[in-house]
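Here are my notes on the model you sent round. Please read them with the structure open.

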Amino acid sequence: MKKISYFSLIIVFATIGLSGQQSNPFRSYAHNAATMQKAQMRYSLFSFAEYGISDRITISAHPLWVFMSPDISVRWTLTDNGKSKISLTHGISCPT
């Protein structure tokens, strides 16, 4: 009887952990179609920094390597419905 009550407690705690949800949506830091909001900035020393010029246009460049090997790109959103986005990314690079 004692084993059954321990087993049921484990099941209850496991299902509570599975049903937890975040209040904000997950935004990955990898290549995707999402653009930054206006005046929002995402900064990293090991990957590209991004800055939202407007809600539909984002500019990105590497904060340290931009002076030695310029690589700047612009991403803008063409269409955005609630479930999917279509964005174009264009950039200029000058490997030296």
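The points below go from overall confidence to the sheet, and then to three residues.

1. **Confidence.** This is a predicted model. The mean pLDDT of the protein is 80. A score of at least 70 is reached by 76% of the residues. Confidence varies between the elements. Helix H1, residues 2–18, has the lowest mean, at 70. Strand E3, residues 57–61, has the highest, at 93. Where pLDDT is low, the predicted coordinates should not be read in detail.

2. **Overall make-up.** The protein has one helix and five strands. Along the sequence they follow the pattern α-β-β-β-β-β. There are 96 residues, and 16% of them are buried. The exposed surface comes to about 7,900 Å². Carbon and sulfur atoms supply 67% of that surface. Take the contacts between residues at least 6 apart in sequence: 13% of these join residues at least 24 apart.

3. **The sheet.** What is the order of the five strands in the open sheet? The order is E1-E2-E3-E4-E5, and the pairing is antiparallel. The edge strands are E1 (41–42) and E5, each of which pairs on one side only.

4. **The E1–E2 pair.** Strand E2 covers residues 49–52 and is joined to E1 by two bridges. The two strands run antiparallel. They form a hairpin, with six residues between them. For a landmark, look at Met41, which stands opposite Tyr51 in E2.

5. **The E2–E3 pair.** E2 also pairs with E3, over four bridges and in the antiparallel sense. Four residues link E2 to E3 in a hairpin. Gly52 has Thr58 in E3 as its bridge partner.

6. **The E4–E5 pair.** How many bridges pair strand E4 with strand E5? There are nine, and the pairing is antiparallel. E4 spans residues 71–80, and E5 spans residues 85–93. Four residues lie between E4 and E5 in this hairpin. Two cross-strand positions are worth marking. Arg75 stands opposite Thr89 in E5. Trp76 has Leu88 in E5 as its bridge partner.

7. **Arg75.** This residue sits in strand E4. Is Arg75 buried or exposed? Its relative accessibility is 10%, so Arg75 counts as buried. The cut-off for buried is under 20% relative accessible area. The side chain of Arg75 makes a polar contact with the side chain of Glu50, at 3.1 Å. Setting aside residues up to four places away in sequence, Arg75 touches Asn32, Ala33, Ala34, Thr35, Glu50, Arg56, Ile57, Thr58, Ser87, Leu88 and Thr89.

8. **Trp76.** Trp76 is also placed in strand E4. Trp76 has a relative accessible area of 30%, so it is partly exposed. Beyond residues up to four places away in sequence, Trp76 touches Arg56, Ile57, Ile86, Ser87, Leu88 and His90. Ile86 is ten residues from Trp76 along the chain. Their C-alpha atoms are separated by 8.7 Å.

9. **Ser87.** Ser87 lies in strand E5. Which backbone oxygen does the side chain of Ser87 reach? The side chain of Ser87 reaches that of Ala33, at 2.7 Å. The Ser87 side chain also has a polar contact of 3.5 Å with the side chain of Thr77. Leaving out residues up to four places away in sequence, Ser87 touches Ala33, Thr35, Arg75, Trp76, Thr77 and Leu78.

10. **Reading these residues together.** Trace the links in the viewer. Arg75 touches Ser87. Trp76 touches Ser87 too. Ala33 and Thr35 are among the residues that Arg75 touches. Ala33 and Thr35 also appear in the contact list of Ser87. Likewise, Arg56 and Ile57 are among the contacts of Arg75. Trp76 touches Arg56 and Ile57 as well.

Terms used
Residues are numbered from 1 along each chain as its sequence is written. Side-chain values use heavy atoms; hydrogens and water are left out. pLDDT is the predictor's confidence in each residue, from 0 to 100. Buried means under 20% relative accessible area, exposed over 50%, partly exposed in between (1.4 Å probe, protein chains only). Contact means heavy atoms within 4.5 Å. Accessible areas come from the Shrake-Rupley method with a 1.4 Å probe; for residues, only the protein chains shown count as cover. Two strands pair if DSSP finds at least two bridges between them. A polar contact is a pair of N or O atoms within 3.5 Å; within protein, one must be able to donate a hydrogen and the other to accept it, and residues adjacent in sequence count only if both atoms are side-chain atoms.
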